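Please give an explanation of the structure shown below for someone who has not seen it before. It should be written in running paragraphs and explain its terms along the way.

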Amino acid sequence: MEPNISSYPPLGQVTQLKDKAFQLCVLLEVEDDLADDSWEVVVWYSPADGGWTEKLLSPSPGDDYPPSLQATSPSNTLLYFRAPFFVSSSLRFTIKYRNGPNRPWTWSHQESGIGDGVVLINPEKSFEGMESSLSNIIHGLNPDLKVRAAASQTPYTQLWTVKASVGSAEDDRSAYTDVELGTPWGGALRYFALVRHGSPWLGPRHGSSQFSLDKDAVVCSFLSHQGKHLVLLGVSGVADVMTLLRSSNSGSVMLHIRNDAETQSDGLVLAAVGDNFESVIAAVMYHARTVTLATRNGDSELTRELQSLSDDVHPEWYENWYDGLGYCTWNALGQHLNDEKIIHAVEALAKDHINISSLIIDDNWQDIDYQGQDQYQYGWKGFEAEPSAFPHGLKDMVSRIRSRHPSIQHIAVWHALLGYWGGISSNGNLAKSYKTVQVDRGDSNLKEPMTVIAKEDVSKFYDDFYRFLSDCGIDGVKTDVQYMIDTWVSAKDRRELTDVYLDSWMVSALRHFSIKAISCMSQAPQLLFHQQLPRNRPPMLVRNSDDFYPDIPDSHPWHLFANAHNALLTQHLNILPDWDMFQTDHEFAGFHAAARCLSGGPIYITDAPEKCNIGLINQMAGPTPRGKTVIFRPSVVGKSIDAYTGYSEPVMLKIVSYHGRAVTGTPMLGVFNTSQQPLRELIPLSRIPGALESMLYVVRAHHSGLVTPVMKPGSSAALLAVSLDVRGYDIFTAFPVAQFDSETNGRVFVANLGLIEKMTAAAAITADQSELLHTGKVFLDTRLKALGVLGVYISSLPDMSIERDFMVTIQGQPISPHTVTVNTADDHVLSIDVEIAWKEMGLEAGWSNEVEVKLYFDIEHP
C-alpha cells in the first residue's frame, strides 16, 4: 500500500496566510513494517518571482507531533516532516517522497491525483494594493455601464455600484437585457458562485479555470492570483427589477436583467474588493440592505405596522420557538395525513420519552380539490382540514394533542404562500369568499394557469385564515412554495402581486403568530432582498437549501455542502437558516445531526413512529429542569470556511460555528467527508474563526472524547491531524483555557467543556466564571440550560484525588461523590453527572429554569 500523504498548507488548495514566514508540515501515513525506513520528503516549489527548486523537509521528533484526537489504523504509523518557508507574495508547490536514498521518488499527484498547492500572502487590515478604479480589477470593464464608488461599511474593503439600463415592460411583457460586465482580474485563480439551483433554491458552483456557470447566479466571488477577493452581487426586488449574473463563452461576466416596471429602469450590481472573503461579501450585503431600505422609506404605513408588531415580541419567545426540539410529519407519516396518524406519532414519541416542543403538521392536511395531473395543479378549497381525514375538524385534533401532551408548546401547520401548490380551487369556498384572478405560469413543469387571491383581498385572506388557525389552537405556520410568484409569466401580475403577497403574509404572520413562522422554498432573488434582507422586523426561520431526501444516497453529502455554502450569503440576511428536517433512524443520520447542531438553526426530526434513534437525539438535545427538551444552538450560524473549494474536490467539508461572547467564546469546527474516498488532513487551530492567537485553548473531539494539551493558535504545534472515512464526520471544539499558578504544582490549566455528551457541548453553557480563591482553591461557577454530564478539563487532574481535592454543589447543595468521576476517555477531564445528581436529590427548577453548578478544587494538592 502506498503511503497516505497530507500537508499544511494543503496540496490542491489555495491557502491564504497573513505571515510571510511559515512552517510547511507533511504527514505520511505508512505501514508499520516500513516505519523505520529512511523516509525522505521533498517540497518542489516555485515562488512568484522565480523558477522551480526543491527543499528537503526534516523529520519531526515524536514529542513534536501534533496531538491525535482520533484512532489510527493499528497497522499504520504516522510520520511528520517540517521545513520553514519565507514567501514574499505567493508560492506554488508539490511534494515527492521515498523510503530510502536509493529508492525511486513518488510524486504526490501520481498517487492521489491532487494538484499543486498554492500559498498566497495577505497581510490583513491593510490598504496596500487597493485599486482606485474598478476597471483595474475587472478587465475590459464595459464603458457603457454607470460605475460609481460608494462608501463601504466594512473596514479595509472598497465598494462600487454598477448600473445597466433596461427598457420598460410593454404589453404585459417584461423587458430583458444582457450586458457584458468584463473579466474579473483578467482571469481568476478560483471562483465561487451561488446560483439558482432550482426555481426555489440557491446552490454553490466552483471553478479554478475559465469562469463558466450552468445557471444564473445571485452572487459571485473571484480570487485573484495575488490573493484579493472580488465579490459581485446582483440586487433584485427593487423597483420591480431582477439582476442576475451569467458567464459568457469567453469567461467574462454578463448581467442578465429583467424589468417588470412600466418605466425604464436600471439593473444594479454591487462590487467590492478586499483581502478577506468574509469582509468583502459583508460589504456588498450591508450596502444592499441600505439600498432596499431606501426604497421602502415611502411605505410608511407598512413600516409602522411592522415596527409595532416587532415591539410586541418578547425575548423569551425566541428561545421557546428556536431552541425546542421539533417534529415534522412530512417524511415520517407520508403524504396522506389524518388525525389518527398524527396523534399516534405524538403518542409514540411520548412513549419513548422524546418530549418535543414543536409539532409541524406538513403538507396534505388541507381540503384540496385534487383536480389535475399532480400537486402543481391541485387547488385549495377551504380553511378547514380535509373532512374525511379529520372528521372532527382541525381544532378537535389539536385540542386532544395539547391536553395529552402539555410539553408540546407549539403546533404549526403547512400551507403554500398562494394557498396550495396550484393556488386556490376555482370551485371551492375560498373562491366564493374572496376575489380571485387567473395567472399564467412559465416554469417548464408548471404550464397550467392557476387561480390566486386578487390583490384587493390578499391581506384579508391571510388574516381570516390565521384567525381560523389561532382559534383551532395552531400558533405557527410553515409557509412553503413561495417561489411560485416568480414563475408567473405576466410582468403585470408580478408587479402588482409580488410585494402585496410578501408584505401581507409577513404582517399577518407577525400579528397572529409573532415569530413562529417558517419561510420555505423562498430563495428566489426578489424574496431574498425584499423579504429576508431588511431588518425592519424580528428574524424569522427560512429554509436554507433544497430538501432532505432520505431515499437518495447521493443527496446527503450535497445537502450539507449546499447548506454550508449558502450560509456564506444567508448569514447576512435577517433570518435564522433552517437546514431542514431529517431522520435519526437513517444511514446518514449522524452526518445530518452534526451539521444541524453546528448550523445555529432549529432541529426537527421526521422519523416514523417508534423508529427514532434516541441515542442520537440525546447528543443533540437534553432536558431542562422543567422537563422541556432543548437543543444546543451555537450563537453564530454555521458556514463553510472554504468558499472556493468545489464539491468534487477530495477535501473535507469544514463547517465552523461559535458560541458565546467575542474573545472569550468557544469556536467549533465540524469536519465531513462528502467525497467518495477516505481523507486525511492537517488543520491548524488558527483556521477556526474565533480562535485567537492571544488566547490558549484545549480542543476536544466529540467522537473520541479526547482532549489536546493546551494549544496556542499560530504555533507550529497547534495542528489537528484529522482522518475521515467516506461519509465520516466529527466535531472539534476549541475551549478557552484559564490558568492558575500554584506554589506546589506550578501552573494549572482549566477549561469548562460544557455538557460533554452533546455535539455542541459549549452551547449548553449560559454563563461561567472561574477564579482563584484566597484559600488556594479554584472556584468554577457554571450555569447550564439543561441537564447532562458537565466536563471540566484540569491539566493536573491525573495527580489529584476526587475525594480529597474536590467539592461540587448544584443549586447550592453538595452532590453525591459517585456522580463526580474521572472521564473514561481522557483522564484530564472531570465528569460531573448533573442529571443523575439532580434526580437523586429531588431538586426543582428555579425561576430561571437553569442549573447552577459550582466546583471547588485544590490546586495545592500534595
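Two strands are said to pair if DSSP finds at least two bridges between them. Helices (H or I, at least four residues) and strands (E, at least two) are DSSP runs, numbered from the N terminus. The model is predicted, so that local features need pLDDT of at least 70 and side-chain atom pairs count only at pLDDT 80 or more, while totals for chains, interfaces and linings use all residues. Residues are numbered from 1 along each chain as its sequence is written, and side-chain values use heavy atoms, with hydrogens and water left out.

The account begins with strand E13 (residues 157-166). This strand pairs with strand E21 (residues 265-274) in the antiparallel sense, over 10 bridges. Within that pairing, Ser 165 stands opposite Asp 266 in E21. Strand E12 (residues 146-150) is also antiparallel to E13 and is joined to it by five bridges; here Ala 149 stands opposite Trp 160 in E13. The hairpin of E12 and E13 has six residues between the strands, and in it Tyr 156 takes a positive phi near 60°. Strand E13 is mostly covered, with eight of its 10 residues buried, where buried means under 20% relative accessible area, exposed means over 50%, and partly exposed lies in between (1.4 Å probe, protein chains only).

Further along the chain, Ser 236 lies in the loop between strand E18 (229-235) and strand E19 (241-247). Is Ser 236 buried or exposed? Its relative accessible area is 0%, and therefore Ser 236 is buried. Contact means heavy atoms within 4.5 Å. Leaving aside neighbours within four places in sequence, Ser 236 is in contact with Val 241, Met 242, Thr 243, Pro 525, Gln 526 and Phe 529. A polar atom of the Ser 236 side chain lies 3.1 Å from the backbone nitrogen of Thr 243. A polar contact is a pair of N or O atoms within 3.5 Å; within protein, one must be able to donate a hydrogen and the other to accept it, and residues adjacent in sequence count only if both atoms are side-chain atoms.

Strand E29 (residues 476-480) is mostly covered as well, since five of its five residues are buried. Both faces are covered: Gly 476, Lys 478 and Asp 480 are buried on one side, and Val 477 and Thr 479 on the other. Strand E26 (residues 410-416) pairs with E29 in the parallel sense over five bridges, and the bridge partner of Trp 414 in E29 is Lys 478. Strand E30 (residues 517-519) also runs parallel to E29, joined by three bridges, with Ala 517 in E30 as the bridge partner of Val 477.A pair of helices comes next. Two packed helices are described by the angle between their axes and the distance between the axes. Axes are lines fitted to C-alpha atoms, for helices over the stretch in contact, and angles run from 0 to 180 degrees between N-to-C directions. The axes of helix H12 (residues 555-570) and helix H13 (residues 589-599) come within 10 Å and cross at roughly 10°. That makes H12 roughly parallel to H13, a term for angles under 35 degrees, whereas angles over 145 count as roughly antiparallel, 65 to 115 as roughly perpendicular and the rest as oblique. In this packing, His 556, Pro 557, His 559 and Leu 560 of H12 meet Phe 591, His 592, Ala 595 and Arg 596 of H13.

Two open sheets follow. One has five strands in the order E43-E44-E47-E51-E50, with antiparallel pairing. Strand E43 (738-742) and strand E50 (820-822) stand at its edges with a single partner strand each, so one side of each is left without a neighbour in the sheet. Strand E50 is joined to strand E51 (residues 829-833) by three bridges, in the antiparallel sense, and Ser 831 in E51 is the bridge partner of Thr 821. Helix H16 (residues 834-841) lies across strand E47 (789-794) and E51, running at about 30° to E51.

The other open sheet has five strands in the order E45-E46-E52-E48-E49, again with antiparallel pairing. Its edges are strand E45 (765-772) and strand E49 (813-814), each with a single partner strand, so one side of each is left without a neighbour in the sheet. Seven bridges hold the antiparallel pairing of E45 with strand E46 (residues 777-784). Helix H16 packs on this sheet, touching E46, strand E48 (806-810), E49 and E52, and its direction makes about 65° with that of E48.

Asp 858 lies in strand E52 (residues 851-858). At 19% relative accessibility, Asp 858 counts as buried. Its side chain reaches the backbone nitrogen of Glu 860 at 2.8 Å. Leaving aside neighbours within four places in sequence, Asp 858 is in contact with Gly 776, Lys 777, Met 800 and Asp 805.
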